[in-house]
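Here are my notes for anyone opening this one for the first time. Keep the viewer at hand and go through the points in order.

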Amino acid sequence: MSQKIDQERRQFVSVAGVAAAATAVAPGVFLLGARAEAEPRKEPVTDKVRYGMLIDTTKCADGCSECVTGCEKENGLDLLRMPEGADPEEWDRQRPRWIRTVKVKDRLTGRVSTLPMMCQHCEYPPCTDVCPTGASFRRADGIVMVDRHICIGCRYCMMACPYKARSFIHENIDRQLSIAPRGKGCVESCNFCVHRRDNGETTTACQDACPHDAIVFGDLNDPNSEVSKALREKANTQLRADLKLNTGVRYRGI
């Protein structure tokens with residue numbers, strides 16, 4: 001089984017390498033074709049920027065999952081199909097999700113809130129502390145992500161994440177997008193649509209898909225950014241603030 005995964009990993013790395021090489025040879029070709037207004041990053045990633053998000057749960061509608069759908073379409077998760085003969089319940093439980101909707105209940109007031117849960121992009125991410133290969137890492141601009149080329153699929157990061165925000169790919173990936181290469185045996189999670197960040201775009205797919213304007217994204221270090229203004233204007237909180245992880249995702253209304 002392990003040998004099979006290793007062989008598939010090498011195949012995946014080979015495919016991903018071709019995609020990366022193509023990007024290097026002709027930067028912006030893909031993106032200029034897909035989004036004419038975007039331009040590839042010209043400067044290195046810097047800690048002058050810290051990307052973050054505010055989610056206003058008072059605007060989230062019960063039963064709405066447009067942010068999940070938008071994320072899966074953007075990153076190609078919707079291309080994954082249930083293997084023939086698989087148990088539907090097990091498949092639904094194990095299939096990769098970068099965002100999921102959850103309900104939380106205030107124990108004092110009894111109020112139930114629906115909110116999207118994804119990687120919280122912690123300043124001090126537990127997932128990076130336990131990764132034996134360095135595949136889980138935090139970029140200078142605050143984005144926490146996985147280097148699929150060196151992920152060995154041990155899943156320590158999944159156990160360490162207090163938000164259960166990471167997924168493991170159990171099945172072969174036959175169809176995927178060049179902007180989001182994926183492969184069996186790797187862990188993956190929300191990366192704030194990093195391909196958009198590196199190509200001059202200012203929004204995330206979940207933000208664009210939200211019909212209720214519940215999601216504001218931007219640079220937390222810029223006092224004039226929309227997300228910074230929203231954080232100052234509206235009371236907000238971190239999930240599991242007691243862990244002191246200084247998350248990049250904040251919530252209002254819980």
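1. Start with strands E1 and E9: they pair in the parallel sense, over four bridges. One pairing to look up is Asp56, whose bridge partner in E9 is Arg252. Bear in mind throughout that this is a predicted model.

2. Now look at the other neighbour of this pairing. E1, which covers residues 51–56, is joined to E8 by five bridges, and these two strands run antiparallel. Two pairings help you get your bearings: Met53 has Phe217 of E8 as its bridge partner, and Tyr51 stands opposite Asp219, also in E8. As background, strands of a sheet pair through backbone hydrogen bonds, in either a parallel or an antiparallel way.

3. Put together, the three strands make an open sheet with the order E8-E1-E9 and mixed pairing. E8 and E9 (249–252) are the edge strands, each of them pairing on one side only. On average, neighbouring strands in this sheet are turned by 20° against each other, direction ignored.

4. How many of the residues of E1 are buried? Six of its six, so the strand is mostly covered. Tyr51, Met53 and Ile55 point one way from E1, while Gly52, Leu54 and Asp56 point the other way, and all are buried.

5. Just past E8 (215–219), have a look at Ser225, in the loop that leads from that strand to helix H9 (226–233). Its side chain has a polar atom 2.9 Å from the backbone oxygen of Asp222. Is Ser225 buried or exposed? With 9% relative accessibility, Ser225 counts as buried, because the cut-off for that label is under 20%.

6. Two residues deserve a check of their backbone angles. As a rule, most residues other than glycine have a negative phi. Cys193 has a positive one, near 50°; this residue is in the loop between strand E7 (187–188) and helix H7 (194–197), and with a relative accessible area of 8% it is buried. Asn246 also has a positive phi, near 50°. Asn246 belongs to the loop between H9 and E9 and is partly exposed, at 24% relative accessible area.

7. On to charges: a search of the whole structure turns up 12 salt bridges. One of them joins Glu72 to Arg95, with the closest N and O atoms 3.4 Å apart. This pair links distant parts of the chain, 23 residues apart: Glu72 is in helix H3 (residues 66–75), and Arg95 is in the loop between helix H4 (88–94) and strand E2 (100–105). Glu72 counts as buried at 10% relative accessibility, whereas Arg95, at 21%, counts as partly exposed.

8. Asp92 and Arg97 form another salt bridge, and here the closest N and O atoms are 2.8 Å apart. Both ends are partly exposed: Asp92 has 40% relative accessibility, and Arg97 has a relative accessible area of 23%.

9. A further salt bridge brings together the side chains of Asp198 and Arg139, at 3.1 Å from N to O. Asp198 sits in the loop between H7 and helix H8 (205–209), and Arg139 in the loop between strand E4 (136–138) and strand E5 (144–146), so the pair ties together parts that are 59 residues apart in sequence. Asp198 is partly exposed, at 22% relative accessible area, but Arg139 is buried, at 11%. Going back to the earlier pairs, which residues end up in one network? Glu72, Asp92, Arg95 and Arg97 are joined by salt bridges that share partners.

10. Finish on the outside. Val130, Tyr156 and Met159 form a nonpolar patch on the surface, with about 310 Å² of accessible area together. Met159 is part of helix H6 (residues 156–160). Met159 has 60% relative accessibility and therefore counts as exposed, since that label needs over 50%.

Methods. Residues are numbered from 1 along each chain as its sequence is written. This is a predicted model: local features need pLDDT of at least 70, side-chain atom pairs count only at pLDDT 80 or more; totals for chains, interfaces and linings use all residues. Side-chain values use heavy atoms; hydrogens and water are left out. Patches are made of residues with over 30% relative accessible area and no salt bridge: like charges are joined within 9 Å, nonpolar side chains (Val, Leu, Ile, Met, Phe, Trp, Tyr) within 5 Å. Accessible areas come from the Shrake-Rupley method with a 1.4 Å probe; for residues, only the protein chains shown count as cover. A salt bridge is a side-chain nitrogen of Lys or Arg within 4 Å of a carboxyl oxygen of Asp or Glu. Buried means under 20% relative accessible area, exposed over 50%, partly exposed in between (1.4 Å probe, protein chains only). A polar contact is a pair of N or O atoms within 3.5 Å; within protein, one must be able to donate a hydrogen and the other to accept it, and residues adjacent in sequence count only if both atoms are side-chain atoms. Two strands pair if DSSP finds at least two bridges between them. Axes are lines fitted to C-alpha atoms, for helices over the stretch in contact, and angles run from 0 to 180 degrees between N-to-C directions.
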